[in-house]
Amino acid sequence: MNLGKLKKLLANYPDYRWDQVKRAVFQELITSWEEATALPVDLRTELAEEASLGINAKEVVSLQDETRKAVIKLEDGSEVETVLMPHKTRNTVCVSTQVGCSLNCKFCMTGKMGLVRNLEYWEMIVQALFFAREIGKIDNIVFMGMGEPFLNYEEFVCAAEFFNDEKTFNIGARNISVSTVGVVEGIKKLADADLQINLAVSLHAPTNELRSSLIPVNRKYPLEELFEAIDYYLEQTNRKVMFEYILLKDINDSKNDARRLANLMKGRLHFVNLINYNPTGEFQASSEEKKESFKKILENEGVKVGERQSFGEDIKGACGQLGKN
Ligand code: SF4
């Protein structure tokens, strides 16, 4: 399915046709143009010939927690992975923004692939559409899949706006989140954008030395610059920032690391999310005891802290595991 081509095709028609198509494809979740009964027959025939609704995907389902991972084959043969995390009350899709990634974070499978290419916004939309057709309504979108969203900023924003559009998925901005490893220009642009979505920052280390060894792009955007951009974001938006911290055994989980992290987290809108490491070969996860003591230190210092549950580890669909496995 090529949404870009579909939109171009409809440029020859009045605007309301595009609205009707959006409703049919993203709300009624049609899989054949024959079902789009609001459209005239000749337009349906043209669309059936020119604009396939098919999505070429392979899917695996976790036996542990029903997480689903789909590998979507794109028109140029590239493959992109996306994950659905079904919960009792809400369904969340983790959307990829690039095929591969240039940033090579040491705990991440995608980073090992290098960057193949940026995705177009509609190639992000198709990821959620695939799952919507299977389970119905999607409630949350997290741009936390393959790639660094802020290195494909314009397309990521288009996708976020599209998800938010009441004529398509109608997902509230507060239910859309983007995660960055700290691309400072992107944080500032998002601060100025008219888009009320949530920001998460993959921090993973409290010092420049350690962070640069785990996230090489920290050399370009060291902690001082990163926090300057975050301060700007907080000033402009007054919205909380979630700091993600993967606990790696004997790497970033010492008491000193916790105290240093607490020192960075002084603002009332800073939140820390502790994440269990999902095996990608290089590191080991911290023990439960280590995690508890790390968390206690943060709490005692007045830091708001939570834990992020991991989903889909058995299908290599958890954080850091997307890519060529
Ligand atoms: S963690 Fe994100 S930014 Fe880092 S290599 Fe993986 S996909 Fe890229």
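Buried residues make up 54% of the 325 residues in the protein chain. The model behind that figure is a predicted one, and the rest of this section walks through it from the overall fold down to single residues. In terms of secondary structure, the chain holds eleven helices and twelve strands. Its radius of gyration comes out at 21 Å, close to the 20 Å that the globule rule gives for 325 residues, so the chain is as compact as a globular protein of that length. The C-alpha trace spans about 70 × 40 × 35 Å along its principal axes. As for how the contacts are spread along the sequence, take those in the chain with a separation of 6 or more: 66% of them are between residues 24 or more positions apart.

Three helix pairs are worth a closer look, starting at the N-terminal end. Helix α1 covers residues 3-10 and helix α2 covers residues 15-27; their axes come within 10 Å and cross at roughly 150 degrees. With the cut-off for roughly antiparallel set at over 145 degrees, that angle makes α1 roughly antiparallel to α2. The crossing of α1 past α2 is right-handed. On the α1 side, the contact is made by Leu3, Leu6, Lys7 and Leu10, while α2 brings in Arg17, Trp18, Val21 and Phe26. Sorted by class, this contact has six nonpolar residues, two charged ones and no polar ones.

The next pair is α5 and α6. Helix α5 (residues 121-135) packs against α6 at an angle of about 40 degrees, and the two axes are 8 Å apart. Angles under 35 degrees would count as roughly parallel, and α5 and α6 are therefore oblique to each other. Here too the handedness is defined: α5 passes α6 in a right-handed crossing. Tyr121, Met124, Ile125 and Ala128 make the contact from α5, and they meet Glu155, Phe156, Cys158, Ala159, Phe162 and Phe163 of α6. The class count for this contact is nine nonpolar residues, one charged and no polar.

Then there is α7 with α9. Helix α7 runs over residues 184-192 and helix α9 over residues 223-237, with axes that come within 8 Å and cross at roughly 5 degrees. The two helices are therefore roughly parallel to each other. From α7, the residues involved are Val184, Ile187, Lys188, Leu190, Ala191 and Asp192, and their partners in α9 are Glu225, Leu226, Ala229, Ile230, Tyr232, Tyr233, Gln236 and Thr237. This contact divides into nine nonpolar, two polar and three charged residues.

Staying with α9, Leu234 lies in that helix. Leu234 is buried, at a relative accessible area of 14%. Setting aside neighbours within four places in sequence, Leu234 is in contact with Arg239, Val241, Leu269 and His270. Measured against His87, by contrast, Leu234 is 147 residues away in sequence and 30 Å away in space, C-alpha to C-alpha.

Another α9 residue, Tyr232, is part of the contact with α7, and gives a second distance across the model. Tyr232 and Thr37 are 195 residues apart in sequence, and their C-alpha atoms are 49 Å apart in space. Thr37 itself is found in the loop between α2 and α3 (41-50). With a relative accessible area of 63%, Thr37 is exposed.

Finally, two loop residues stand out for their backbone angles. Asn170 has a phi near 55 degrees, a positive value in a residue other than glycine. Asn170 is found in the loop between α6 (153-164) and β8 (176-180). At 44% relative accessibility, Asn170 counts as partly exposed. His204 also has a positive phi, near 65 degrees, and is likewise a residue other than glycine. The loop that holds His204 runs between β9 (198-202) and α8 (208-214). His204 is buried, with a relative accessible area of 3%.

Conventions. Residues are numbered from 1 along each chain as its sequence is written. This is a predicted model: local features need pLDDT of at least 70, side-chain atom pairs count only at pLDDT 80 or more; totals for chains, interfaces and linings use all residues. Side-chain values use heavy atoms; hydrogens and water are left out. Axes are lines fitted to C-alpha atoms, for helices over the stretch in contact, and angles run from 0 to 180 degrees between N-to-C directions. Helices (H or I, at least four residues) and strands (E, at least two) are DSSP runs, numbered from the N terminus. Angles under 35 degrees count as roughly parallel, over 145 as roughly antiparallel, 65 to 115 as roughly perpendicular and the rest as oblique. A crossing is left-handed if the near helix is turned anticlockwise from the far one by less than a right angle, and right-handed if clockwise. Contact means heavy atoms within 4.5 Å. Ala, Val, Leu, Ile, Met, Phe, Trp, Tyr, Cys and Pro count as nonpolar, Asp, Glu, Lys and Arg as charged, and the others, Gly among them, as polar. The radius of gyration is taken over C-alpha atoms; the globule rule is 2.2 Å times the number of residues to the power 0.38. Buried means under 20% relative accessible area, exposed over 50%, partly exposed in between (1.4 Å probe, protein chains only).
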